[in-house]
Structures are given as structure tokens and as C-alpha cells.
Amino acid sequence: MKPARETTGDGRFARQPNRFTERLGPPEPGRYRLYASYACPWAQRVLIVRRLLGLEDLLDVTIVDPIRDERGWRVPGGDPEYLSELYLASDPDYRGRCTVPVIWDAVEGRIVTNDFPRITLDLETSWSTTPDLYPERLRPEIDALNEWLYHGLNNAVYEAGFARSQAAYEEAVARVFATLDELEERLAAGSPYLFGDELTESDVRAYTTLARFDAVYHGHFKCSVRRLVDYPALWAYARRLYAIPAFGETTDFDHIKRHYYMTHPDINPSRIVPVGPAIDWSL
Ligand SMILES: N[C@@H](CCC(=O)N[C@@H](CS)C(=O)NCC(=O)O)C(=O)O
């Protein structure tokens with residue numbers, strides 16, 4: 001993290017805006033490449049949706065090395081060597097963090113988008129609607145739930161972990177657990193997914209944070225009031241999603257743990273990666 005630029009006066013983490021926000025055009029084989037990390041919850045969303053929609057032949061993927069150093073994400077195989085080269089090729093004045101997920105246009109030789117909340121929605125509406133992960137009749141409700149999930153869970157765990165004051169940390173943690181409590185209640189009513197029997201974009205967004213919760217957010221980001229496994233309905237829901245290949249096969253706990261524990265030296269200066277937790281994700 002780059003705390004100085006993204007920390008407010010009262011110690012809150014304020015995420016940088018997304019620099020590249022162009023909408024994705026229609027698919028063209030060989031043209032677009034996704035750069036993603038298995039460690040990153042925002043990038044895993046795109047990996048899940050790509051797989052659910054069967055877009056493997058339309059959207060190429062490069063998985064970056066999970067360990068980031070001061071030069072940022074490294075690309076195994078070395079073309080380019082660092083993700084930052086793509087950012088600078090697209091905008092030589094770019095000074096922000098060079099983040100995944102990002103979509104590269106190989107025809108024009110530039111980044112189209114690193115606007116993570118928009119990428120999956122574009123794939124779901126312009127690339128394939130089978131299955132329909134963003135059904136038109138549910139869009140207002142999905143959008144509202146996604147906003148709530150972002151502020152209460154997806155981004156709130158980062159706000160807890162990257163807080164630079166006790167007050168900012170405590171406020172974020174309270175939001176995280178209020179959100180988990182409410183999700184537990186919603187799922188305890190008996191539906192398999194957040195919108196009943198239909199798997200939607202909201203499930204993808206909830207999942208990538210839940211999958212990391214006990215492995216890294218509980219310890220590394222100090223979201224330690226309760227664990228995911230302490231919530232019966234939520235834990236069953238997370239495992240139900242994990243059992244779907246698009247979710248389970250893009251979940252790499254080794255990348256997740258090594259990335260978080262080895263890449264934020266101000267939070268974990270020893271860079272030692274915990275051995276546990278021993279959790280059985282099978283149904
Ligand atoms: N694009 C968003 C979210 C994506 C994001 O934060 N990705 C992280 C990984 S989870 C990343 O690539 N970080 C690179 C860095 O901090 O240098 C942002 O700029 O904050």
C-alpha cells in the first residue's frame with residue numbers, strides 16, 4: 001500500500017480512484033487480455049465471471065506473481081516484466097498504484113479499463129448473458145446490494161487493515177461485522193444465493209471477500225471479532241459457492257496468504273506466513 005497518498009487526516013484508508021474507465025467493447029478473440037492475481041479479491045471477481053460465462057477463448061488471462069515488491073506486480077514470463085509498464089505505456093504521467101484487475105487492448109497497445117466494479121458488469125451485459133448474472137429486472141436491487149457490500153465488507157476489510165488510527169480501525173471493523181451479521185440473517189432464511197435461487201453478480205462480490213476472511217482478513221487485517229466459520233448460514237453459503245468450479249478453481253489460498261502476509265511489510269514486517277487456519281472447504 002501507499003499509505004500517505006491514500007490516508008485521510010484522521011487515519012482512514014481512502015482508496016485511489018480508477019484511472020482507466022473506458023467501457024469494454026464487444027469481444028474480439030485475441031484482442032483483450034486480463035491481468036489478474038489469484039490473491040486479489042477484485043481480480044478474482046473477473047476470473048470467476050470469465051469462467052461462469054465461458055469466455056476463456058475470448059478473454060486471455062495472465063496471472064501475476066503473488067509477491068509484489070516495490071516495483072509492483074511482476075509478470076511471470078516477463079512480457080512485460082512488470083504490470084507498471086502497461087500503465088506507463090497507456091499514460092506516461094500515471095503515478096498511482098498499478099493495480100489488477102486490468103484489461104489490456106493488444107490491438108491498440110493500451111489499457112482499456114482498471115475499473116474493477118464495471119469490468120464484470122460489462123462482461124455480463126455485452127459479452128455473454130448465459131447464465132444471466134445481472135438480470136435486468138433485478139439490476140436496481142443488485143446495484144444497491146453491491147454498494148452495501150462494498151462499503152460494509154469488500155472495502156471495509158481494507159479500511160480496517162490499512163487504518164492508521166484506532167478510531168478508524170474500530171469504525172471499519174464494526175461495519176464489517178454488522179454486515180456479516182446481516183448477511184447471516186438473510187441467508188439463514190433458506191435461499192442458496194443472495195437473490196434466491198439465482199446466482200448473480202452480488203454472489204461473486206460477496207464470495208471473494210468471504211473466501212479470504214479467515215485466511216487473511218481475520219489475522220492480517222485484524223477483523224477478528226468472529227470468523228466466517230462461526231456464521232453457520234454464511235459459511236454454508238461460502239462452501240456452496242466454492243463447490244462451483246468457477247469459484248473453487250480460481251481460489252488459491254497459497255497465493256492469497258503469501259500475497260497479503262508478504263506484501264504489506266508495515267502490517268507484517270517479518271513477512272512470515274501463518275501455517276493455518278486448517279479449514280475444510282468441502283461441502
Ligand atoms: N483498482 C482499485 C482496486 C484494485 C486493487 O486495489 N488491487 C490491488 C490488489 S488487491 C492491487 O493491484 N494493488 C497494487 C498496489 O497496491 O500496488 C484500486 O486502485 O485501489
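Here are some questions and answers about how features of this predicted model get their labels.

Q: Why is Glu201 called buried?
A: Buried means under 20% relative accessible area, and Glu201 has 0%, so the label applies. Glu201 is found in helix α7, which covers residues 201–217.

Q: What does Glu201 touch, not counting residues up to four places away in sequence?
A: Glu201 touches Val49, Thr120, Leu121, Glu124, Leu133, Ile142 and Asn146.

Q: Why is Pro41, in helix α1, counted as buried?
A: The cut-off for buried is under 20%. Pro41 has a relative accessible area of 2%, so this proline counts as buried. Leaving aside neighbours within four places in sequence, Pro41 is in contact with Tyr158, Thr208, Arg212, Tyr217 and Tyr260.

Q: What makes Lys222 partly exposed?
A: Partly exposed lies between the buried limit, under 20%, and the exposed limit, over 50%. Lys222 is at 45% relative accessibility, so Lys222 gets the middle label. You will find Lys222 in the loop between α7 and α8 (232–242).

Q: What is notable about the phi of Lys222?
A: Phi of Lys222 is near 60 degrees, a positive value in a residue other than glycine. Most residues other than glycine have a negative phi. Arg271, in the segment after α10, also has a positive phi, of about 60 degrees, although it is not a glycine.

Q: Why is Arg271 called partly exposed?
A: Its relative accessible area is 35%. Because partly exposed is what lies between under 20% and over 50%, Arg271 takes that label.

Q: How do you know that helix α10 is mostly covered?
A: Of the 11 residues in α10 (residues 253–263), 8 are buried. Among them are His255, Lys257 and Tyr260. The buried residues of α10 pack against α1 (41–52), α5 (156–161) and α7.

Q: What does the side chain of Asp252 do at the start of α10?
A: A side-chain oxygen of Asp252 reaches to within 3.0 Å of the backbone nitrogen of Asp254. The cut-off for a polar contact is 3.5 Å, so this pair falls inside that distance.

Q: Why are β3 and β4 called paired strands?
A: Two strands pair if there are at least two bridges between them. Strand β3 (residues 102–105) and strand β4 (residues 110–113) have 3 bridges, in the antiparallel sense. In β4, Ile111 is the bridge partner of Trp104. The hairpin has 4 residues between the strands, and Gly109 takes a positive phi near 65 degrees there.

Q: How do you know that Asn18 makes a polar contact with the ligand?
A: A polar contact needs N or O atoms within 3.5 Å. A polar side-chain atom of Asn18 lies 2.9 Å from a nitrogen atom of the ligand. Thr99 does likewise with a polar side-chain atom, 3.2 Å from a ligand nitrogen. From Val100, a backbone N or O atom lies 2.9 Å from an oxygen atom of the ligand. Taken alone the ligand exposes 500 Å², and the protein buries 95% of that.

Q: Which residues come nearest to the ligand?
A: Of the 15 residues around the ligand, these are Arg15, Gln16, Cys40, Trp73 and Arg97. The shell divides into 8 nonpolar, 4 polar and 3 charged residues.

Q: What kind of peptide bond links Asp79 to Pro80?
A: That bond is cis, with omega near 0 degrees. Most peptide bonds are trans. Pro80 sits in the loop between β2 (60–63) and α2 (84–90). The bond from Gly276 to Pro277 is cis too, with omega near -5 degrees.

Methods: Residues numbered from 1 in each chain as written. Predicted model: local features only at pLDDT ≥ 70, side-chain atom pairs only at ≥ 80, totals over all residues. Heavy atoms only, no water. Near = heavy atom within 4 Å. Polar contact = N/O pair within 3.5 Å; in protein donor to acceptor, adjacent residues only side chain to side chain. Areas by Shrake-Rupley, 256 points an atom, 1.4 Å probe, with all protein chains shown as cover. Nonpolar A, V, L, I, M, F, W, Y, C, P; charged D, E, K, R; others polar. Helix = DSSP H or I, 4+ residues; strand = E, 2+ residues; numbered from the N terminus. Buried < 20%, exposed > 50% of the residue type's maximum accessible area, 1.4 Å probe, protein only. Contact = heavy atoms within 4.5 Å.
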